[in-house]
Amino acid sequence: VSDRILAGASDLEILRAVEPVVRYTHGEKFFPMAVDPYIRASSLWVHVPEGVDREIVPEGEVELERLVESRDAPAGSIVYLRFVHPLDLQESAAALIGSRRLEKREGSGFRAGLGRLARGGLLPRLGDGLFSLSLLLRGNVPGATAAAANLKYAQLLQGDRAFVYHGRVVRQAGWTVCQYWFFFAYNPWRSGFHGVNDHEADWELVSVYLYEDSGELVPEWIAYASHDFHGPDLRRRWDDGIDLELVGSHPVVYAGAGSHASYFRPGEYQEEVPIPAPRRLERVADVSARFWRTTLGQPGGEHPLRIPFIDFARGDGLGIGPGEAAGWTQVLIDESTTWVSQYRGLWGLYARDPISGENAPAGPMYERDGSPRLSWLDPVGFAGLAQVPPPPQELALLESERSRLQERAHELDELIASEVGSLRELGVLLESTRGNPHLSGEAHRFEAQAQGQAARLTGLRRERSQGEALRESLERRIELRREGARGDARAHIRRAAAPVPPAAMRFNAAAEIWAALSLSLLLIGMAVLLVASPSNVWAEFVVLVIVFILGEAVLRGTFVRVVNRLAVILALVAVVVLVVEFAKLALVSVLVALAVYLLYQRYEEFRG
Amino acid sequence: MTAAEPVRRRPAPVTYVALLAVAAGGYHLVTGILRVTEGGSSSKITEGALGIALGLAAGVIAAGALRMRQWAWVAFMTWGVVGLTNELLRHFFYENVNYRAMALETLAVLALTPLEVQVAFGIRRERT
């Protein structure tokens with residue numbers, strides 16, 4: 001079999017044997033690169049809390065040795081690299097023009113396609129608009145940084161256009177884990193692809209889990225780090241025909257445009273980004289979403305504090321890896337690699353964003369706060385594999401568990417027999433105390449003892465019964481394993497990212513134009529009402545918003561869903577109004593209804 | 001030849017709402033006819049004509065609901081949105097609120113909202 005590797009192979013050979021194929025979206029500007037040229041082209045800074053940011057090492061003088069050397073800094077300081085130096089107005093304009101020219105020359109422009117704006121609806125777009133406005137208040141990566149980073153990256157590539165992964169092989173709990181760390185100079189998701197954030201530097205991870213069998217390493221699982229997915233949901237089994245695409249022994253990754261997040265299948269993914277909100281507001285939103293879905297049984301009920309964004313992972317751009325237009329350059333890393341273990345700072349600009357979306361990430365080994373990164377310190381637990389034995393160990397473990405259960409069953413049989421005997425002895429004693437008032441104290445004692453023993457006996461019998469059921473299930477699994485059956489490759493997945501079906505993303509041109517204009521039109525309409533009819537402005541705002549929502553629903557073909565949602569919301573408000581307005585009448589009605597119901601019940605009893 | 005539509009069982013709340021609509025429609029129709037036949041100013045005649053139109057519309061929607069037509073459910077809900085918006089705006093910002101109409105519209109919307117009613121009308125296809 002082509003995907004087998006000798007257990008004694010070198011780390012580099014193992015990495016190369018199952019290295020991924022990564023397919024990017026057309027329009028992607030930044031690709032995996034080596035860290036050295038990036039470091040050399042950056043400056044090193046420190047952010048001191050409540051103070052100004054200070055340059056420690058200027059651009060062109062940062063070498064690996066200087067990056068990792070120890071420095072005194074007050075608690076709470078953040079050391080960071082800066083790929084693009086602060087730009088003045090003239091430099092910003094030059095960067096934007098230069099980047100546009102480069103894009104044109106390389107034909108690397110990106111088109112979101114029809115439907116991007118219309119797919120979210122009016123309210124999510126309003127949230128999107130507010131989110132964009134929040135960037136003015138939060139710290140963020142300055143406007144022209146992406147363009148300047150694009151130009152600088154292109155300049156760096158002129159010297160050496162190598163596509164690099166930083167590979168690490170780690171052996172843990174019977175698994176051989178190949179980690180592929182991809183480093184990017186910039187993450188232009190917001191500025192280039194209508195996404196959530198921009199930040200300097202980006203690290204992405206793909207892990208392959210292999211086990212040893214008869215002197216060979218066999219790949220069993222693969223995990224892609226992705227937005228909002230954790231543990232078992234990150235991984236797919238090597239024989240997962242639904243999600244996993246293989247080119248020979250190489251898994252295929254579809255990278256999100258700008259975000260570089262990894263996906264198993266090509267397509268456009270709708271991501272929901274939580275709006276940072278006070279905990280109390282979060283709780284209210286949770287309760288209302290649950291009330292909508294569970295109590296009212298209504299469809300939808302999306303969390304109101306989430307903004308939908310699209311991650312384009314079309315896979316129609318450059319492909320890197322075996323059989324693709326470009327190949328990988330491998331760089332081995334481990335704890336002895338100094339920049340991995342000794343540099344705890346950020347790999348790009350610290351933008352002072354309190355929710356961190358625009359701050360650069362730390363390296364493979366650390367989180368932004370300098371604490372160890374789970375994927376590095378526990379690669380097996382990271383993908384929820386801590387409780388999953390490698391296949392060759394599974395049968396032995398199953399058999400050992402079966403033996404343990406059988407032994408426990410024998411023990412329980414003996415314990416049950418003994419408990420039954422002693423309970424009967426107690427029962428005889430208890431019966432002999434009946435009719436003897438002078439033995440009432442003894443009778444109470446025996447009774448209490450008997451009750452305790454009976455409860456214990458029930459517990460033992462329950463354990464015996466459950467153990468038997470578990471043993472039978474183990475038996476079935478052992479049989480399946482002996483026959484070579486693998487079980488469901490996707491049984492561990494609770495939630496899987498799936499591309500949005502094209503039909504759900506494409507709207508007609510009218511809906512798209514309306515989507516582009518509606519938010520501004522709504523605001524202009526409100527402004528006009530404010531001037532023209534200031535006395536009834538709130539009522540007119542409400543009517544205007546409802547008209548916009550219904551009009552948009554007609555264009556998007558979602559009128560039935562929207563009218564249902566609106567009617568229920570209005571009815572709920574009306575219920576509150578009626579209860580408040582007619583509290584006394586409502587109370588009287590409830591009491592009379594209760595009285596009639598109880599009378600009816602008594603009448604039924606009397607009759608029957 | 002078109003395929004026969006599947007026979008859907010009508011949930012009880014739909015019958016009540018339809019009867020309510022028939023009653024309200026009948027009221028509008030009768031008062032409308034009376035106003036038109038009385039004659040008088042053009043605004044009174046227009047008001048009467050509007051009442052007749054409303055009464056007829058309510059009757060048609062009720063008939064559609066009794067026959068479990070999807071469009072009838074949509075029409076009821078649209079009516080609910082318009083009516084409730086009108087009454088709620090009157091309550092919060094203006095005067096002359098018709099709380100009886102608000103209560104009836106609320107009842108109608110809540111009666112037509114449950115999952116089984118939507119499934120019966122074919123608005124939602126799955127019980128998920």
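**A buried glutamate and a chain interface**

Hi everyone. Chain A has an average pLDDT (the predictor's confidence in each residue, from 0 to 100) of 88, and 92% of its residues score at least 70. This is a predicted model, where local features need pLDDT of at least 70, side-chain atom pairs count only at pLDDT 80 or more, and totals for chains, interfaces and linings use all residues. Residues are numbered from 1 along each chain as its sequence is written, chains are lettered from A and ligands numbered from 1 in the order written, and side-chain values use heavy atoms, without hydrogens and water.

Let's start with E200(A), in strand β8 (residues 199–213) of chain A; strands here are DSSP E runs of at least two residues, and helices are H or I runs of at least four, numbered from the N terminus. E200(A) is buried (under 20% relative accessible area, 1.4 Å probe, protein chains only). Yet E200(A) has no salt bridge (a side-chain nitrogen of Lys or Arg within 4 Å of a carboxyl oxygen of Asp or Glu). R82(A), the nearest side chain of opposite charge (Lys and Arg positive, Asp and Glu negative; His and chain ends not counted), is 5.1 Å away. What does the side chain of E200(A) reach at 3.0 Å? The backbone nitrogen of V84(A), and the backbone nitrogen of L349(A) also lies 3.0 Å from a polar atom of that side chain.

Now, the interface: 26 residues of chain A contact 24 of chain B (heavy atoms within 4.5 Å). Zero salt bridges are counted between chain A and chain B. α16 (537–556) and α17 (559–581) of chain A each supply at least two residues of the side touching chain B, and α17(A) gives the largest share, 15 residues. Thanks, all!

Terms used
Buried < 20%, exposed > 50% of the residue type's maximum accessible area, 1.4 Å probe, protein only. Polar contact = N/O pair within 3.5 Å; in protein donor to acceptor, adjacent residues only side chain to side chain.
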